[in-house]
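Subject: Handing over the structure, with notes on what was found

Dear colleague,

I am passing this structure on to you, and I would be glad if you could look through it with the notes below beside you.

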Amino acid sequence: MPTIEVSSTPLTPSARLRAAVRLTRWLAAHGARAAHVVVTFRAVEPMAYFSGGVPLTSYADGTGADGTGESATTRWASVVCRVHPDRDHAYRAELAEEIREALGLDGDGAHLTVRFEPTQPERVFYLDSGSMTSGGPAAPAGRAQQKGTDHAHH
């Protein structure tokens, strides 16, 4: 169950949808089940994200020169990805690039960090048919274990 959490300057609902669909398709093309990919977005309030002591979250008065409600300051995102520990450096590098492209962060006015947290499937629990199950071998024997294995991060 790969999980991508995006904290960023505000994105429109359509931009969030486009990014989530694109990332889900990429992950599915690389072995994940599309239905198990989780992508979340959180807009960060002004003066809450700093790089080198400089705030990257200084928003304008709500109008913005381009009509987005943002000032002309840097567009940025801080992303945390939870993926299976077996995913190698090349996979993580490609996913980081895909995230950059999905969020439209390019050029000199962008800032992006992508952090990977390898997560064992048995450490992730989710609701399935009214009961909690995990994606790894530590799940109880029987039906829940088989279903959990089917939902692993791969």
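The notes that follow take up the aromatic pairs, then the salt bridges, and then a few features of the strands and the surface.

Please keep in mind while reading that this is a predicted model.

**Aromatic pairs**

A pair of aromatic rings is described by the distance of the centres and the angle of the planes. The structure holds two such aromatic pairs. In one of them, the ring centres of Trp 26 and Tyr 91 are 5.3 Å apart and the planes stand at 55°, so this pair is tilted, an angle of over 60 degrees being what edge-to-face would require. Because Trp 26 belongs to helix α1 (residues 13-29) and Tyr 91 to helix α2 (residues 89-103), the pair ties together parts that are 65 residues apart in sequence. Both partners are covered by the rest of the protein to the extent that they count as buried, Trp 26 with a relative accessible area of 11% and Tyr 91 with a relative accessible area of 7%.

The other pair is formed by Tyr 49 and Trp 76, and it is stacked, with 3.9 Å from centre to centre and 5° between the planes. Here too distant parts of the chain are linked, since Tyr 49 sits in the loop between β2 (38-43) and β3 (50-51), whereas Trp 76 sits in strand β5 (residues 75-83), 27 residues apart. Tyr 49 is buried at 15% relative accessibility, and Trp 76 is buried at 1%.

Tyr 91 has a further neighbour that you may wish to look at, namely Arg 87, which lies over the face of the Tyr 91 ring at 4.2 Å from the ring centre.

**Salt bridges**

Side chains of opposite charge can pair when their charged atoms come close. In this model the count comes to seven salt bridges. One of them joins Glu 98 to Arg 22, with the closest N and O atoms 2.6 Å apart. Because Glu 98 lies in helix α2 and Arg 22 in helix α1, this bridge ties together parts that are 76 residues apart in sequence. Glu 98 is buried, with a relative accessible area of 13%, whereas Arg 22 is partly exposed at 34% relative accessibility.

Another salt bridge runs between Arg 100 and Glu 97, whose closest N and O atoms are 2.5 Å apart. These two residues are three residues apart in helix α2, and so they are separated by about one helical turn. Both are partly exposed, Arg 100 with a relative accessible area of 26% and Glu 97 with a relative accessible area of 34%.

The residues of these two bridges also belong together in a wider arrangement, as Arg 22, Glu 97, Glu 98, Arg 100 and Glu 101 are linked in a network of salt bridges.

Glu 117 and Arg 115 form a salt bridge as well, the closest N and O atoms being 2.9 Å apart. In this bridge Glu 117 is partly exposed at 24% relative accessibility, and Arg 115 is partly exposed at 47%.

**Strands β7 and β8, and the surface**

Strand β8 (residues 131-134) pairs with β7 in the antiparallel sense, over four bridges. Within this pairing, Phe 125 has Ser 134 in β8 as its bridge partner. The hairpin of β7 and β8 has two residues between the strands, and in this hairpin Ser 129 takes a positive phi near 55°.

Phe 125 appears again on the surface, where it forms a nonpolar patch together with Leu 127 and Met 132, the accessible area of the three together being about 370 Å². Leu 127 is placed in strand β7 (residues 125-128), and at 63% relative accessibility Leu 127 counts as exposed.

**Pro 55 and Thr 74**

One last position concerns Pro 55, which is found in strand β4 (residues 54-55) and is partly exposed, with a relative accessible area of 26%. Although Pro 55 and Thr 74 are 19 residues apart in sequence, the distance between them in space is 9.4 Å, C-alpha to C-alpha.

With kind regards

Terms used
Residues are numbered from 1 along each chain as its sequence is written. This is a predicted model: local features need pLDDT of at least 70, side-chain atom pairs count only at pLDDT 80 or more; totals for chains, interfaces and linings use all residues. Side-chain values use heavy atoms; hydrogens and water are left out. Rings of Phe, Tyr and Trp (its six-membered ring) pair if their centres lie within 6.5 Å; planes under 30 degrees apart count as stacked, over 60 as edge-to-face and the rest as tilted. Buried means under 20% relative accessible area, exposed over 50%, partly exposed in between (1.4 Å probe, protein chains only). A charge sits over a ring if NZ of Lys or CZ of Arg is within 6 Å of the ring centre and within 35 degrees of the ring normal. Patches are made of residues with over 30% relative accessible area and no salt bridge: like charges are joined within 9 Å, nonpolar side chains (Val, Leu, Ile, Met, Phe, Trp, Tyr) within 5 Å. Accessible areas come from the Shrake-Rupley method with a 1.4 Å probe; for residues, only the protein chains shown count as cover. A salt bridge is a side-chain nitrogen of Lys or Arg within 4 Å of a carboxyl oxygen of Asp or Glu. Two strands pair if DSSP finds at least two bridges between them.
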